[in-house]
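Hello,

Here is the structure I said I would pass on to you. Please open it alongside this email, and my notes follow underneath.

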Amino acid sequence: MLYRENGQFKSSYAADLQMLPIAQDRWFVLVLVLFAFLAVPFLASDYLFLSILIPFLILTIAAIGLNLLVGYCGQISIGHAAFMAVGAYAAYNLVLRLPQLNFLIVLLLAGFIAAGVGMLFGIPSLRIKGLYLAVATLAAQFFIDWLFARVKWFTNHSTSGSVSTAPVELFGWIVDTPVEKYVFLLALLIVFTVLAKNLVRGHIGREWMAMRDMDVAAEVIGIRPVYAKLTAFAISAFYCGVAGALWGFVHLGSWEPLAFNLTLSLNLLFMIIIGGMGSLLGCYFGAAFIVILPILLDQAPLWLGVGISTATASHLAFMIFGALIVFFLIVEPHGLARLWAIGKEKLRLWPFPH
Amino acid sequence: MLARNWPVMLLTAALMIGLVLPLATKASPPGFYIEVLLGGLMAGVLYSLVAMGFALIFKASGVFNFAQGAMVLFAALAVARLAEQMPLAVAVVLAFAIMVVLAWLIERLVLRPLVNQEGVALLMATLGVTYFLDGFGQTLWGSDIYKIELGIAKEPVMILDNVFQGGILVNKEDFAAALVAALLVTALSVFFQKTSTGRALRAVADDHQAAQSIGIPLNRIWVIVWSIAGLVALVAGIMWGAKLGVQFSVSQVALKALPVVILGGFTSVNGAILGGLIIGVGEKMAEVFLGPVMVKMFDLAGGGIENWFAYVLALLFLLVRPEGLFGEKHIDRV
C-alpha cells in the first residue's frame, strides 16, 4: 500500500536514469544514511563499534570488490585477501617512508598498487577459466602471504614480522575513538558503494556482465576480453586494497604476517555467496552475516548456560558455520539479496496480492 | 602432438634443466640429491592420493570437492581412534564403512538439493562441508595428535652405500606407501575398466544426461563415487597419519593437492598421479636447492618457498596448456 510506484512519472532522461527510480526507495535510503550518521554514533556502545560495525564496514568494501569480479565479471577468485594484504602493506610502507602524505592519498595509492598486483594475477584469466582459475588465484594467496612474511623490507625489518601503525590522521583530525573510526569508514563505504553502482550500470559493467554470461559471445559482439577481464581484476583488487589498508590501519592497528590468510579469502567468498552474487546490496547482507555469525556462535553457549570447553565450543561453531553455509546455498542459492527483492515484490502488492 | 607444442617443450626443458642443475653444478653430493629426489617422489605419491579423490569426484559429478582434505582428516582420525579399541584391520574396515555412510549423507543432504546449480555454488557447498567435517571430526574423535601404528619399522635404512659416498637413507614406510598407492591405482583402474559399475561411472563422467537416459541411476553413482573418494581419502589419511601423526594440519594437505589437480587436469586420474609426482619432486627440489639461494639473494627471513612453489609451477603450466596435462580439451561454442 505504501510501497508502490503508481503516479511517479519520469519526465526527463535524468529521472529515467537515476539510481533509485522509486521515491520510497530514495526516502528509505536517505533515512537510513541519516540514521547511520546521526543516530548510531549516540546509540551504539564501544563494543558494538569495535567488534561488529567497524569490521562490517571494512569487509563490505572488500566484499563489493570481490563481487565486482566474481558476481559481475564471472571470474572466480579464492585469493582476494592477498590483495587486501597488498593494500595494507603498501599503505604501511607509504606512511612509513613518505610520512608527509595525506592518508586519503595513501589509501588511493595503496588501492592502485593492489590494482596493479591484481592485474598481474588476473593475466591467467585470459587463458584459463572457471574452477581452474579459482585454483590459480590461490597462487596469489600463497605467494603474497609468503612474500610479506619473508621479505624483510616490507615489514621494515621488524623481527617478529608484525607491523604496527599510528592512528590515521586526516587534515589534523585524528581518527582515534571508535565513533570517529565508524564515521570515517561509513563515509568511505558510501562513496565506494555509489562508485561501484555507477560502474556496474555503466558501459564497463555491461561489458563485465556480458563476459560473465558468455565470454565467447561477448567477444563476437566486440567486447575485448583482455580489457574487460583485466579492468575487473584491477578495480576489484583496488577495492580490496583499500579495504586491506583500512583493515590494517583502522581496525587492527597492528597485524601479524598471516592476518590476511586464506580463511579471510574464503570468508569474503562466503559473504558474496550468502549475500548474493551480482548484487551490491548483497555485499552488505553477506558482510553483516559473516561478521555477526561467529560472534553469535561464540556467545551462544553462554546464553544457553551450557558449560562446554572452549575447544568443543569452537568445533561446534565450525560445524554450525559449515551447516549454515550449506543450508543457505540450498534454500536460497541467489543469496539474501534475492530474499530482499522477493520481499519488496510482495510489499508492492500488499495487502491485495491479486 | 607434444613435439609441435613449443611452449610446453620449453617449460619441460626448463624444468629438466632445473632438475639436473644442482647435480651438474656439484651443489650437492649425488647421494643427497637422490635422497631429496626420493623424498619428493614419496611426498608426490601422497599428493597423488589426495588429488585422485578430487579428480574422481570432479569427473563423475562436476563438483570441485574442496572437502577432500577434510575427508582425509576425518578418515585418519577415525582410524586412529578406532585402532585404540580394536585391531588395525578391523578399524580400517569400520572407518571405510563410516566413509561410505558419510558419502551417502553428503549425496543426500548436500548434492541432491543442489543439483543443476552452477560450479561456484557447489564449490561453496563443499567448503561448507569442509568446515562441518573439520568441526565434526574433532568433536567426535577429539582434537589431540594421534598416532597410527602400521607395524613398519620407522628407522631409515641405508642402501647403496657402496655406490655413493654416505649412501642413501630411505624410509621403509615410504616404500610401503608407494606400494599401497600403486595397488590402489591398479585396483581402481581395473574397477573402472572391467566392472559394469565402473563402466556406468565412466558413462556418467562422459555425459550426465546421456547416461541417465540409458537408465543409469545418477544418485547411486554419486554415492559410489563419493564412497570411492572416501576410500582414497582413507588410504591417504592412513599414510599421512603414519608419517606425520593425525592432527588438524592433515586437512591442509588438500590445499597442496589442488595444484596437482590443475596440473594434471581436473578430469584425469592419470594426470593426478603424474601431477602429484611432478609437484612432489619440484617442491622438494625447490625447497632444498632453490630456497637457500633465494634467501641469500633477496635477504629473506627464512625459506618456506614450498608453500607457493607448487601453485606457481601449476600456474605457469596452465598458461601454456590451460586444460592441464591430461585434461579434456574444451571447445566453446556460442
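Ala76(B) is in contact with Gly237(B), Ile238(B), Trp240(B), Gly241(B), Val246(B) and Val250(B), once its neighbours within four places in sequence are set aside. Please keep in mind throughout that this is a predicted model. Ala76(B) is also one of the residues that touch the most other members of the largest nonpolar core, which has 217 residues. Ala62(A), Ala114(A), Tyr239(A), Val72(B), Ala75(B) and Val225(B) are the others in that group. Helix α9 of chain B, residues 218-244, gives the most to this core, with 17 residues.

Some background on chain B may help you find your way around. The chain has 12 helices and 2 strands, and from the N terminus its elements run α-α-α-α-α-β-β-α-α-α-α-α-α-α. Of its 334 residues, 45% are buried. Among contacts in chain B with a separation of 6 or more, 74% are between residues 24 or more positions apart.

Another residue to look at is Phe64(B), in the loop between α2 (30-61) and α3 (68-83) of chain B. Is Phe64(B) buried or exposed? It counts as buried because 26 other C-beta atoms lie within 10 Å, where the cut-off for a buried residue is 20 or more. Not counting residues up to four places away in sequence, Phe64(B) touches Phe58(B), Gly119(B), Leu122(B), Leu123(B) and Thr126(B), and also Leu131(A) from the other chain. As for Phe136(B), its C-alpha is 21 Å from that of Phe64(B), and the two are 72 residues apart in sequence.

That brings me to the interface. On chain B, 44 residues are in contact with 40 residues of chain A. Three helices of chain B, α5 (119-141), α10 (253-264) and α12 (306-320), each supply at least two residues of the side that touches chain A. The largest share, 17 residues, comes from α5(B). By class, this side of chain B has 30 nonpolar, 11 polar and 3 charged residues.

One helix pair across the interface is α6(A), residues 130-150, with α12(B). Their axes come within 8 Å and cross at roughly 140°. The two helices are therefore oblique to each other, and their crossing is left-handed. From α6(A), the contact is made by Tyr132(A), Ala136(A), Leu138(A), Ala139(A), Phe142(A), Phe143(A) and Trp146(A). From α12(B), it is made by Asn307(B), Trp308(B), Tyr311(B), Val312(B), Leu315(B) and Leu318(B). These residues divide into 12 nonpolar, 1 polar and no charged.

Inside chain A, please look at α5 (residues 103-122) and α10 (residues 225-252), whose axes come within 7 Å and cross at roughly 140°. These helices are therefore oblique to each other, and their crossing is right-handed. Their contact has 17 nonpolar, 6 polar and 1 charged residues.

Finally, which residues of helix α8 of chain A, residues 203-213, are buried? They are Glu207(A), Trp208(A), Ala210(A), Met211(A) and Arg212(A). The buried residues of α8(A) pack against α3 (46-72), α9 (215-220) and α10 of chain A.

Happy to talk any of this over once you have had a look.

Best wishes

Methods: Residues numbered from 1 in each chain as written. Chains lettered and ligands numbered in written order. Predicted model: local features only at pLDDT ≥ 70, side-chain atom pairs only at ≥ 80, totals over all residues. Contact = placed C-beta atoms within 7 Å. Helix = DSSP H or I, 4+ residues; strand = E, 2+ residues; numbered from the N terminus. Nonpolar A, V, L, I, M, F, W, Y, C, P; charged D, E, K, R; others polar. Axes fitted to C-alpha atoms, helices over the stretch in contact; angles between N-to-C directions. Parallel < 35°, antiparallel > 145°, perpendicular 65-115°, else oblique. Left-handed = near helix turned anticlockwise from the far one by under 90°. Buried ≥ 20, exposed ≤ 12 C-beta atoms within 10 Å, placed from the backbone. Core = buried A, V, L, I, M, F, W, Y, C linked by C-beta atoms within 7 Å.
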